[in-house]
Amino acid sequence: MTIKRLCLLLTATLIVVAAVLLWTLRTPASPFDKATSTEAAASPDLIRRGEYVARLSDCVACHSTPENAPFSGGLPMATPAGKIYTTNITPDKETGIGRYSLADFDRAVRQGVARDGHRLYPAMPFPSYQKLNDEDIRALYAFMMHGIQPAARQNQPTEIPWPLNMRWPLALWRAAFAAGAPYQTVEKRDDRWNRGAYLVEGPGHCGSCHTPRGLAFNEKALDATSPDYLAGALLDGWYAPSLRGDVGSGISRWSEDDVVAFLQKGRNQHAVVFGSMADAFNNSTQFMRDDDLRAIAHYLKSLPPGSNDSGKAWRYPAQSEQGASRLPGEQTFNARCSSCHGADGRGQAPWIPPLAGATSMQVEASSAINIVLNGSARIIADGVPDAYRMPPYRKQLSDQETADVLNYIRSSWGNGGAQTTAKAVGEMRQHTDPASSNVIILQMR
């Protein structure tokens, strides 16, 4: 190949790359770009629907803190590159989204692009929200603009250092990992399954926590066509378990009624909400309609075992199989834990969960360590605070004692969780705090 041909080829390649880059970095179109003021008008019914969409999407949990007005932002969120803070999404015209048009709002929610053109970090779950349909986007916009009070609160800068804080590469990230579209009905499935899929994959953004991440911090899957979707993942010191039919660590032993009870009451015969799920319950799932909860349960129970399934089913051992343990943590368990969870690990369901067969005792140990050190967050169901809470033991137990008692639990009553170490406990102790008793509950109008 001559030098002239090589130069032409190189030039053509650069032109193609530049064209692709410019196309990727463009401000994406919205179906509402040509919406008139009449089309963007907010009726009382539309605002009420938008409030429900906000419940489904759990907007308040991330965009609110106990010391500030609802939806005014300020919640710190850890990322691999540094800490970021959620933004003010009240209709304040100076510090919030009060100047956003319907099209601006749509681009931010479904495509991760702010009004001024900067790209949003995927801590904002736009990879899931892109599945919201146009009607729900229109309703959510009506609620955000007319259903909540404006709050003048400046957004807090991120703590991500330069050059990692540059936003334009996020356009490439979206093109690679989140260039989807609104939810499309699966023809071979019934209406209830499709509604459940829409809620779980879209506004519920369950995959944001429960789906494992890739090297680029991308969710490995965004829907049920992949065995990675909802297969369980470690995030922010909690292990969000599989929501699939995994026999060892999923919800194969749960019925659809169990799933509904967990989302509606915060507890069932198998488990009680804790960690990040407590926030989702307090402000989202308990307010969902019964038919929507049934649809979610129907969808989740249709999912086969996922990519993290161990294939080993849990069962409570027969008396003859139990034997005498004598593990180092047994004495600590009997002194600290058995009065609530039972010497046999069966708990007092639905108020105090069993440890025998608990998912957190079969999978990665982070959740188990976290809750022993820091206790459980307050659950408020139907306006009534819970009477039974896991207390923090970070001051009562050393790192080794915590590891020992967890290793005892994770190897008793048929549990098959891998053993943990004092080092792992110490690292968790340094990076977490006791669960807050301050719970934000957005009041229904």
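**Close-up 1. The exposed face of helix α18 in this predicted model.** Lys 423, Gln 430 and His 431 are the exposed residues here, carried on the face of α18 that is turned away from its buried side. Flip to that buried side and you get Val 425, Gly 426, Met 428 and Arg 429. Those four cover an arc of only 165 degrees around the axis, so they end up on the same side of α18. What do the buried residues of α18 pack against? Their partners are α16 (366-374) and α17.

**Close-up 2. The tilted ring pair of Phe 333 and Trp 413.** A search through the whole structure turns up 13 aromatic pairs. One of them is Phe 333 with Trp 413, at 5.3 Å centre to centre and with 55 degrees between the planes. Phe 333 belongs to helix α14 (residues 330-336), while Trp 413 sits in the loop between α17 (399-409) and α18 (422-431), so this pair ties together parts that are 80 residues apart in sequence. Buried or exposed, these two? Both Phe 333 and Trp 413 are buried.

**Close-up 3. An aromatic cluster around Trp 173.** Here Trp 173 joins Phe 126 and Phe 177 to make one aromatic cluster.

**Close-up 4. Two arginines sitting over rings.** Arg 346 puts its charged end over the ring of Tyr 316, at 3.6 Å from the ring centre. Arg 213 does this with Phe 217: its charged end sits over that ring, 4.7 Å from the centre.

Definitions and conventions
Residues numbered from 1 in each chain as written. Predicted model: local features only at pLDDT ≥ 70, side-chain atom pairs only at ≥ 80, totals over all residues. Heavy atoms only, no water. Phe/Tyr/Trp six-rings, centres within 6.5 Å; stacked < 30°, edge-to-face > 60°. Helix = DSSP H or I, 4+ residues; strand = E, 2+ residues; numbered from the N terminus. Buried < 20%, exposed > 50% of the residue type's maximum accessible area, 1.4 Å probe, protein only. Lys NZ or Arg CZ within 6 Å of the ring centre and 35° of its normal. Arc of directions from axis to C-beta. Contact = heavy atoms within 4.5 Å.
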